[in-house]
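Visitor: Hi, I have a model open and I'm not sure where to begin. Can you walk me through it?

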Amino acid sequence: MAKTIYVLNGPNLNLLGTREPETYGHDRLSDVEKLCKATAARFGLAADCRQSNREGELIDFVHEAHAKKAAGIIINAGGYSHTSIALHDALVAVKIPAVEVHVSNIYARESFRHHSFTAKAAFATLCGFGIDGYRLAISGLAAKIGAQEIGTRTKA
Ligand code: CA2
């Protein structure tokens, strides 16, 4: 069976594509999820995509990823990235390779967005690529966990 990666999106990301297009672009969360599933499939992976506006529910998703033996996590914790030690602790506890993604370039924005607790629990962070960041993150995660792109596998 295909290995599964969890794609977790935090508060307000359900609004993607509906407001502030100058910051977050025109794509919707459903487009992000389609992109993630298609990219994961290229590497023989399945993407389980979740979004929540609640910190505790995001933590539950991280625990669930562990219980279901997920191979990796892509996380955009939204505003909780900058505030949540609890989410950081959950990511550290489960020891699942994680990549943090931000649609916008958080370093070109307000200083309160420059620090991320969740980034400290991730092996890599991408920001500023718009929703393409999710595709790049899955590609990097696949390399990290040794999932090769289908059609490019070399014989042992
Ligand atoms: O750039 C990102 O992906 C962020 O994680 C988005 C968060 C923000 O708090 C982080 O600093 C950076 C906010 C998500 C808000 O999403 C909206 C999308 C469309 C319209 C309004 C909000």
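Guide: We'll start at the ligand, then go to the pocket, then to a loop. Keep in mind that this is a predicted model.

Visitor: Fine. Which residues come nearest to the ligand?

Guide: There are 17 residues around the ligand. Asn76, His82, Val103, Ser104 and Arg113 come nearest.

Visitor: What kinds of residues make up that shell?

Guide: The shell around the ligand has 7 nonpolar, 7 polar and 3 charged residues.

Visitor: What about Ser104, how far is its polar side-chain atom from an oxygen atom of the ligand?

Guide: That distance is 2.6 Å for Ser104. Asn76 also uses its side chain: an N or O atom there is 2.8 Å from a ligand oxygen. With Val103, the partner is a polar backbone atom, 2.7 Å from an oxygen atom of the ligand.

Visitor: And how much of the ligand does the protein bury?

Guide: The protein buries 94%. That is out of the 500 Å² that the ligand exposes when taken alone.

Visitor: OK, pockets. Which pocket does the ligand take up?

Guide: The ligand takes the space of the largest pocket. The volume of that pocket is about 380 Å³.

Visitor: Which lining residues are closest to its centre?

Guide: Pro11, Asn12, Leu13, Tyr24 and Arg113 are closest to the centre, out of 18 that line the largest pocket. Arg113 was also among those nearest the ligand.

Visitor: How does the lining split by class?

Guide: The largest pocket is lined by 7 nonpolar, 7 polar and 4 charged residues.

Visitor: New topic. Where is Asn12 in the chain?

Guide: Asn12 sits in the loop between β1 (3-9) and α1 (21-24). Its phi is positive, about 75 degrees, although Asn12 is not a glycine.

Visitor: What is phi for Glu20?

Guide: Phi of Glu20 is near 45 degrees. That is a positive value in a residue other than glycine. Glu20 lies in the loop between β1 and α1.

Terms used
Residues numbered from 1 in each chain as written. Predicted model: local features only at pLDDT ≥ 70, side-chain atom pairs only at ≥ 80, totals over all residues. Heavy atoms only, no water. Near = heavy atom within 4 Å. Polar contact = N/O pair within 3.5 Å; in protein donor to acceptor, adjacent residues only side chain to side chain. Areas by Shrake-Rupley, 256 points an atom, 1.4 Å probe, with all protein chains shown as cover. 1 Å grid on protein atoms, 1.4 Å probe; cavity = no way out; pocket = protein on both sides within 12 Å on 5 of 7 lines; lining within 4 Å. Sits in = over half its atoms within 2 Å of the grid points. Nonpolar A, V, L, I, M, F, W, Y, C, P; charged D, E, K, R; others polar. Points joined across faces, edges and corners; volume = space filled by probe spheres on them. Helix = DSSP H or I, 4+ residues; strand = E, 2+ residues; numbered from the N terminus.
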